[in-house]
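Reader: I would like a close look at one part of this model, with the terms and their cut-offs spelled out as you go. Please take a helix and one pair of side chains first, and then turn to the ligand.

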Amino acid sequence: MRKPVIAGNWKLYNSTAEAVKLIDELIPLVSDTALTEIVVAPAFTALSAVKKALADSGIQLAAQDCFWEEEGAYTGEVSPMMLTDVGCSHVLIGHSERRQFFGETDKTVNKKLKAAIAGRLTVIFCIGETLAERESGNTFAVLRRQIAEALTGFSETESDRLIIAYEPVWAIGTGKTASEGQAQETHAFIRQLLSELYSPDMASRIRILYGGSVKADNIGGLMSQPDIDGALVGGASLKAESFAAIVRFAEFQE
Ligand code: PGA
């Protein structure tokens, strides 16, 4: 009942020409997928060109971040309205790299999340613990704080615009994936928390993606877990073949 989502986070990679080439290669490889939502998140500079290349492929376009104001004297920022204007339907908010390198906090994540949803974008809201937090037994406390603070003021009626991506920081770009059991345990915790904060119905509808070194050879096991509804893929989304292989595993797992 929860449609799987496979989202590719291209981070700070790909010129416009490279981005278009990647999409041109990807489309034929995933054209027979019907059960899985596919999302790609290029850099801001490639959004327009990628939107054009996506044409009527059904693949959806995300930005990697946005600001919380619609307009104003905020040099360097991009608003939700500007993202819908270039054809984005989705936006990543709170990625751990933004928290680590760009001063993103639970408070700024909250502001961005609310603004993006008000701007009619679907938010892929990223959470996850560091290795030190996991090793000190604080994983669930950290996730509880990240979710409770970022979702302050968020209404259950907006749930169809929210996707959560659980990405343990120690698994991002390291080649170390959480085991299927570790990921499932954490996803089940997140769903239970949403049930407490909102309702069992809301919790059962929200898609929770796993992220962190997802590859074609581990997606099958991850997707077989009951609370894992898809993946946010970094490195392996930069090649059409590896990203398409992940999409196809998700598609045929169902
Ligand atoms: P990775 O990145 O797949 O390269 O680990 C995931 C992410 O940062 O979203």
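In which helix do lysine 21 and glutamate 25 both lie, and how many residues apart are they?

Author: Both lysine 21 and glutamate 25 belong to helix α1, which spans residues 16-30, a helix being a DSSP run of H or I with at least four residues, numbered from the N terminus. They are 4 residues apart, which is about one turn of the helix. The model is predicted, with local features needing pLDDT of at least 70, side-chain atom pairs pLDDT 80 or more, and totals for chains, interfaces and linings using all residues. Residues are numbered from 1 along each chain as its sequence is written, and side-chain values use heavy atoms, without hydrogens or water.

Lysine 21 and glutamate 25 form a salt bridge in which the closest N and O atoms are 3.2 Å apart, and the whole structure holds 16 salt bridges (a side-chain nitrogen of Lys or Arg within 4 Å of a carboxyl oxygen of Asp or Glu).

Around the ligand there are 13 residues (a heavy atom within 4 Å), of which Lys11, His95, Glu167, Gly173 and Ser213 come nearest. Among the polar contacts (N or O atoms within 3.5 Å), a polar side-chain atom of glutamate 167 lies 2.7 Å from a ligand oxygen. Backbone N or O atoms also approach ligand oxygens, at 2.6 Å for glycine 173 and at 2.8 Å for glycine 234. Taken alone, the ligand exposes 290 Å² (Shrake-Rupley, 1.4 Å probe), and the protein buries 96% of that area.

Methods:
A polar contact is a pair of N or O atoms within 3.5 Å; within protein, one must be able to donate a hydrogen and the other to accept it, and residues adjacent in sequence count only if both atoms are side-chain atoms. Helices (H or I, at least four residues) and strands (E, at least two) are DSSP runs, numbered from the N terminus.
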